[in-house]
Amino acid sequence: MTQKKATQKTTKRAGALALTLTAALALGAATPAPALALSPALAPPAGAQAPSAGDARISTAFTLPGAKVYPEGIAADPRTHTVYVGSYADGTVYRARPGRSEAEVFLPPGTDGRRTANGLRVDARGRLWVTDSTTGVAVYDTATGSRLAHFEVAAGTSARFVNDLTLTPDGTAYLTDSSRGVIYRVTPRQLAAGSGVLTEAYDLTPALRSRPAGSFSLNGITSDRAGRYLLTVDMTAGDLYRIDPRTGAVRRVALTGGDLKAADGLDLAPDGTLRVAHNATNTLTRWQVGADGTRARLTRTITDPSLQIPTTLARVPGRTLVVRSQFDKGGPMDPGAGTGGAGTPTTFTVASVRGL
């Protein structure tokens, strides 16, 4: 097989997997989902190994207990160096303490009626935000695990998939809806109130390219350190969008060197480095974003099967933590789930990636 044909085959397979994921997750939005100078505290635990031979830059940071975890979101608390990971399968939230080789259950499945745990973030006050694709977002006390606030999509809203979120310096949370193509907002004042309906801040559908019926659009979202703009990705078209929170202006970011197809999680560093997890292609990319957020240039690509369908990522000192979802092994990216499908998942883990 020629290199060109092999590349075309890989691209087609990734596209098929992405569409399968879209359909499966869209179904999950209506029904319960199926049954992150190196700090020593963040150093990989002794004996941690990658699940399979591959890129030497990729190893295992810690494991997640359970046979069908199918993790999706990740968040790192810079104050305590604790890492939180959410399960798409049942909404469990795991906590990985510094130096531990295995995470523990922090919030059990079904806590507060939570069905999934997609996007996770820890805010400046140490509160953990967790999105549930089927309903909205909840905020938890990381010391006690008690729910402090919750916000839900308006009753009667049909298609919805609350996916990822970002927090800006003023304490405002912005969340993507992959089915509706909108971004919700939760302000500090709303958070203080404790509950309410998610406010639709921006509707990106007029700006999005046309896509196959039922496919996802917006997925990962991040924001710059000063809160001047938000960046969110259209995973189907491979486009990146810039939103000005003050004016609501939306524009497509000019990408050089590649695209963001199958892009899931986004992480924007203060120096303008954007790190991206592309799920269906087992790829991580690094981009340099221009000072005003209107342009981005591809600077590095890592593709390796040992990433096991990476969904989200979190940057910690010296390395990047990447969720290995294994969605294609009996999970939402496996069309044959329950009938043998693409295989049985191995131990669920979070990868440690250097050099990204």
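How many helices and strands make up the secondary structure of the chain? The answer for this predicted model is two helices and 26 strands. The legends below go from the whole chain to single residues.

**Figure 1. The whole chain and its confidence.** Welcome to the overview, in which 53% of the 356 residues of the chain count as buried. The accessible surface comes to about 14600 Å², and carbon and sulfur atoms hold 51% of that surface. On average the chain has a pLDDT of 87, with 83% of the residues scoring at least 70. Residues 1-13 have a pLDDT below 50, and this stretch makes two contacts in the model beyond near neighbours in sequence. Residues 23-50 also stay under 50 in pLDDT, yet the model gives them 64 contacts beyond four places in sequence. A friendly caution applies here: where pLDDT is low, the predicted coordinates should not be read in detail.

**Figure 2. The largest pocket.** This view is centred on a pocket with a volume of about 1200 Å³. Its lining counts 43 residues, and those nearest the centre are A76, P78, R121, V122 and L167. Two or more lining residues come from each of the strands β2 (71-77), β6 (120-122), β7 (127-132), β10 (162-167), β15 (218-223), β20 (263-268) and β24 (310-316). For anyone thinking about chemistry, the lining divides into 21 nonpolar, twelve charged and ten polar residues.

**Figure 3. Y70, a residue with positive phi.** Take a look at the backbone here: phi of Y70 is near 45°, a positive value in a residue other than glycine. Y70 sits in the loop that joins β1 (58-64) to β2. Is Y70 buried or exposed? With a relative accessible area of 4%, which is under 20%, Y70 counts as buried.

**Figure 4. H81, another positive phi.** In H81, phi is near 65°, again a positive value in a residue other than glycine. The loop between β2 and β3 (82-87) is home to H81. The relative accessible area of H81 is 26%, so this residue is partly exposed.

**Figure 5. D170 and A226.** Here the loop between β10 and β11 (173-177) comes into view, with D170 in it. D170 counts as exposed because its relative accessible area is 53%, which is over 50%. Along the chain D170 and A226 are 56 residues apart, while their C-alpha atoms are separated by 9.3 Å.

**Figure 6. V322 and its contacts.** Strand β25 (residues 319-324) contains V322. How far apart in space are V322 and V350, C-alpha to C-alpha? The distance is 5.6 Å, although the two residues are 28 residues apart in sequence. Leaving aside residues up to four places away in sequence, V322 touches L284, P310, T312, L313, V350, A351 and V353. The relative accessible area of V322 is 0%, so V322 is buried.

**Figure 7. G343 and its loop.** G343 belongs to the loop between β25 and β26 (348-353). Which residues does G343 touch, not counting those up to four places away in sequence? They are K329, G330 and D334. One of these, K329, lies 14 residues from G343 in sequence, with 5.1 Å between the two C-alpha atoms. At 25% relative accessibility, G343 is partly exposed.

Technical notes:
Residues are numbered from 1 along each chain as its sequence is written. This is a predicted model: local features need pLDDT of at least 70, side-chain atom pairs count only at pLDDT 80 or more; totals for chains, interfaces and linings use all residues. Side-chain values use heavy atoms; hydrogens and water are left out. pLDDT is the predictor's confidence in each residue, from 0 to 100. Contact means heavy atoms within 4.5 Å. On a 1 Å grid over the protein atoms alone, a cavity is a set of points where a 1.4 Å probe fits but cannot get out, and a pocket is an open set with protein on both sides within 12 Å along at least five of seven lines; lining residues have an atom within 4 Å of a point. Grid points are joined across faces, edges and corners, and a volume is the space filled by probe spheres set on the points. Helices (H or I, at least four residues) and strands (E, at least two) are DSSP runs, numbered from the N terminus. Ala, Val, Leu, Ile, Met, Phe, Trp, Tyr, Cys and Pro count as nonpolar, Asp, Glu, Lys and Arg as charged, and the others, Gly among them, as polar. Buried means under 20% relative accessible area, exposed over 50%, partly exposed in between (1.4 Å probe, protein chains only). Accessible areas come from the Shrake-Rupley method with a 1.4 Å probe; for residues, only the protein chains shown count as cover.
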